[in-house]
Amino acid sequence: MPAYDAAAVAALADERVSRRDRVLPPAFWGRTIAEVLADRPRLSQLPTPLMTLSAPGVRHNIETLAGWCAHHGVEHAPHGKTTMAPALWAQQLDAGAWALTLANVYHLAVARQFGVQRVLIANSVVSPLQLRWVADELARDPEFEVSVWADSVRTVEIMEAARSAYVGPDARPLDVMVELGAPGGRTGARDFETAEAVATAVAEASTLRLVGVAGYEGAVSDSVDEPGLAAVRAFLRDMAELHSRLGKLYDEGVVPIVTAGGSEFFELVAEVLGPLTDARVVVRSGAYISHDDGLYRRVSPLGESPRTDGEQLVAAMHGWMRITSQPEPGLAIFDAGRRDFPVDQDMPEPQLVRPRSTGEPVLPATGMTVTKLNDQHGYLRFGDEPVVIGDELRVGLSHPCTAFDKWGLIPVVDDPDAADPVVVDLIRTYF
């Protein structure tokens, strides 16, 4: 069975763009995405502010992590909530991703619209309405696989009550992973006793099936210093221990899943959990697809971290804005703000200036700093290398998860370093 519906993904090219697609000027409205791309528009034909993806950068990152996972003997279920872009999900699945990770049932509904066949929901689902919808999907498509997380007996009781009142005795069970957490962290059972009670409740339920152990080590530490790394390793060892304790509860024929690994510590997941021989070890890194010029450049195992053990990822997302005002010496105001670019981790990083006259060479943004963003304006401080009104500025962005969600349509360019890049794709997101 294919991992997704390729025809549904291909049909995205037949969608017509409209005024809701702010990345395109009115001259393009009413045309299909395929018709827009057939003319090979240049970046200079698009309005600012704008976020773009680099085609070679995205391709490099997908191939790099796929190769890394294969080398380390772990599976990959990239977290699709990073991009919420079925066309990018398809590229990840084509590169060998074992499944897609999602955060909630709305995300799952988008995935099912595009025929994604194997999904890990990295969350508990306790809404009876949503549980019934998932049951309908399991009944409709015998090839569809989905698992959810549980960290309390109460969660299991809610799922069992909702499902047993709705599905018959012959219905396919809902797969459940016990989530382990840590004191002060996010969700997850805080000790083995609680986790084993949850697993026992799942195993005894008539409409559920225990399939593994899950956790999110990023909630244990956000530091890549030695104490932070030690805390993450200890948590992952606890996950391995819990998996061992649950062995007698798995149904015959079930290959248990042990899954952890966001975009910051996935090499520790391979180090600690990779040696498990009686489980499928799955990492869930999602931000790697675009990487960034901030948070993940600093902390990713395939970034600039000294922990890097393979080919580095590259920043494949960029912001573009236009200088609109120079109200005082050394200060320029541009036409982008918090509604356009993320600021939850780092300010945008000035990288290149594209002068106001098309055809002039692109210049490095030497001595320039973004100091503040309002809703629709940004503040650029500069020194000896001035900018003038009308110049365009390319910036690096930090934190993909709060960048993609601001754009319903994202242009993909052939070369973000070119004087006037060619738009080679338009990626639709579903936030």
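For the purposes of describing pocket linings, Ala, Val, Leu, Ile, Met, Phe, Trp, Tyr, Cys and Pro count as nonpolar, Asp, Glu, Lys and Arg as charged, and the others, Gly among them, as polar. On this basis, the lining of the largest pocket in the structure, which is a predicted model, divides into 8 nonpolar, 11 polar and 7 charged residues. This pocket has a volume of about 600 Å³, and of the 26 residues that line it, Lys-81, Arg-186, Tyr-216, Gly-262 and Tyr-296 lie nearest its centre.

The second largest pocket holds about 270 Å³ of space and is lined by 16 residues, with Trp-98, Glu-145, Asp-175, Arg-209 and Ile-257 lying nearest its centre. Its lining comprises 8 nonpolar, 2 polar and 6 charged residues. At least two residues of this lining are supplied by each of strand 4 (118–121), strand 5 (145–150) and strand 7 (208–214).

In addition to these pockets, a search of the whole structure finds 1 cavity of 30 Å³ or more, and the volume of the largest cavity is about 50 Å³. The residues lining the largest cavity are Glu-179, Leu-180, Gly-181, Ala-182, Gly-185, Arg-186, Thr-187, Tyr-216, Ala-219 and Phe-235, and they divide into 5 nonpolar, 3 polar and 2 charged. Arg-186 and Tyr-216 are thus found in the lining of the largest cavity and are also among the residues that lie nearest the centre of the largest pocket.

How values were computed: Residues are numbered from 1 along each chain as its sequence is written. This is a predicted model: local features need pLDDT of at least 70, side-chain atom pairs count only at pLDDT 80 or more; totals for chains, interfaces and linings use all residues. Side-chain values use heavy atoms; hydrogens and water are left out. On a 1 Å grid over the protein atoms alone, a cavity is a set of points where a 1.4 Å probe fits but cannot get out, and a pocket is an open set with protein on both sides within 12 Å along at least five of seven lines; lining residues have an atom within 4 Å of a point. Grid points are joined across faces, edges and corners, and a volume is the space filled by probe spheres set on the points. Helices (H or I, at least four residues) and strands (E, at least two) are DSSP runs, numbered from the N terminus.
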